[in-house]
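Q: I am new to this structure and would like a close look at a single part of it. Could you take me slowly through the place where protein and DNA come together, and then through what lies beside it?

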Number of protein chains: 2
Amino acid sequence: MAEGGAGPVGGESLLFLTDEQLRKGIEAMFFAYRGFTADPDRILERHDYGRAHHRAMHFIHRSPGTTVNNLLSILGVTKQSLNRVLRTLIEDGLVASQVGRRDKRERHLTLTEKGEALERELSEAQRSRMRAAYRAAGPQAVAGFRQVLEAMMEPEMRRQYMTLRDGGA
Amino acid sequence: MAEGGAGPVGGESLLFLTDEQLRKGIEAMFFAYRGFTADPDRILERHDYGRAHHRAMHFIHRSPGTTVNNLLSILGVTKQSLNRVLRTLIEDGLVASQVGRRDKRERHLTLTEKGEALERELSEAQRSRMRAAYRAAGPQAVAGFRQVLEAMMEPEMRRQYMTLRDGGA
DNA sequence: GATTTTATGTCAGCCTTGTTGACTATCCAA
DNA sequence: TTGGATAGTCAACAAGGCTGACATAAAATC
């Protein structure tokens, strides 16, 4: 803790760990997250949905047939909260809920064609911004970006993320 | 758009721009942001405050004497929303509001000693996680992390961020 | 077969934090 | 001095978190 404004140490600078640098990282997260959600927010507003609907659709799209409980643990909200969102999505015909065959207590959630269409619109907007940022920063920066984000997650969430991450590719 | 699962192009791989990679980046942002806010959230709960209070305190700490309007443009909320938060912070003696000398319409905001104490507690928790993530990822990754985040911001917010960023150091 | 646990859904009610609209106080410029 | 712009406040409403209580069906256990 005593490397005031010191220079390189042991061949590698520790300057990136100063409180000042950390504070900049914190603010970067804050402002970037705003940008990250800005485009979907605009689209959602037109459809009278909120971020909660987006998150639900994202993960249903990602893991079709997932159960309510699965979704709960990924989203980290209460079932009452999720249920409200899910109910409107089902009523509006964006999400289909099917009673499980093996375990009839479970409901398996999938996006309908209409749901897929909106999900595509939302995620394309988000990917588009991410693509621009990635392109501007370059592959090396992207690798670093992902490394830091992964290290910042709660262990439980990192598990979730890794499962999704590696399941996909 | 036609580099299916292709290899390096023009000496530099474009694999990091596939939809799959972008989707991973999106989810990394989602999960990481949760981690990012987890520690302050726990502390805030004990004090009966929310994230809005944290954000206000952060930027008041950062720019002591700032006006309500300044804060508004940084936080990107309506003044009514901010006002409510500010009112409780002032009532609770965490923030001091001083009528401007030159322009008496303005209120200049500063943290009281009590406010500084809470801000320190909150930001230390957040820095601590950030520090761990930075340390785990290393300086190169941190540079990339910041580059991508900066590229992801809305231009207006990037301006704000840059001003703060460069004003501080 | 009876009991307990699990998965889901629903109602009621609360809180935080967004929103818009109306209002006051002050400054500045015609 | 008056009228428009600017800074801030107050009131009321909505979205989406939360807890708690309760219902139902199905699975698992005794």
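A: What follows describes the surface near one DNA strand, then a sheet beside it in the account, and then the contact between two chains.

This is a predicted model, in which local features need pLDDT of at least 70 and side-chain atom pairs count only at pLDDT 80 or more, while totals for chains, interfaces and linings use all residues. Residues are numbered from 1 along each chain as its sequence is written, chains are lettered from A and ligands numbered from 1 in the order in which they are written, and side-chain values use heavy atoms, with hydrogens and water left out.

Around DNA strand D there are 25 residues, of which R55(A), R84(A), N69(B), K79(B) and N83(B) come nearest; a residue counts as near when one of its heavy atoms lies within 4 Å of the strand. Of the atoms of DNA strand D that come within 4 Å of the protein, 58% belong to sugar and phosphate. By class, the residues of this surface comprise three nonpolar, 10 polar and 12 charged, where Ala, Val, Leu, Ile, Met, Phe, Trp, Tyr, Cys and Pro count as nonpolar, Asp, Glu, Lys and Arg as charged, and the others, Gly among them, as polar.

R84(A) places a polar side-chain atom 2.6 Å from a base nitrogen of DNA strand D, whereas R102(A) has a backbone N or O atom 3.0 Å from a phosphate oxygen of that strand. From chain B, a polar backbone atom of R107(B) is 2.8 Å from a phosphate oxygen of DNA strand D.

R107(B) also has a place in a sheet, as the bridge partner in β5(B) of V99(B). β5 (residues 107-111) and β4 of chain B pair in the antiparallel sense over five bridges; strands here are DSSP runs of E with at least two residues, numbered from the N terminus, and two of them pair if DSSP finds at least two bridges between them. The open sheet has three strands in the order β3-β5-β4 (chain B), with antiparallel pairing. Because β3 (66-67) and β4 (95-99) of chain B stand at the edges, each with a single partner strand, one side of each is left without a neighbour in the sheet.

Chain A and chain B also meet one another, and the rule finds 10 salt bridges across their interface, a salt bridge being a side-chain nitrogen of Lys or Arg within 4 Å of a carboxyl oxygen of Asp or Glu. The side chains of R129(A) and E154(B) meet in a salt bridge, at 2.6 Å from N to O.

Key. Polar contact = N/O pair within 3.5 Å; in protein donor to acceptor, adjacent residues only side chain to side chain. Helix = DSSP H or I, 4+ residues; strand = E, 2+ residues; numbered from the N terminus.
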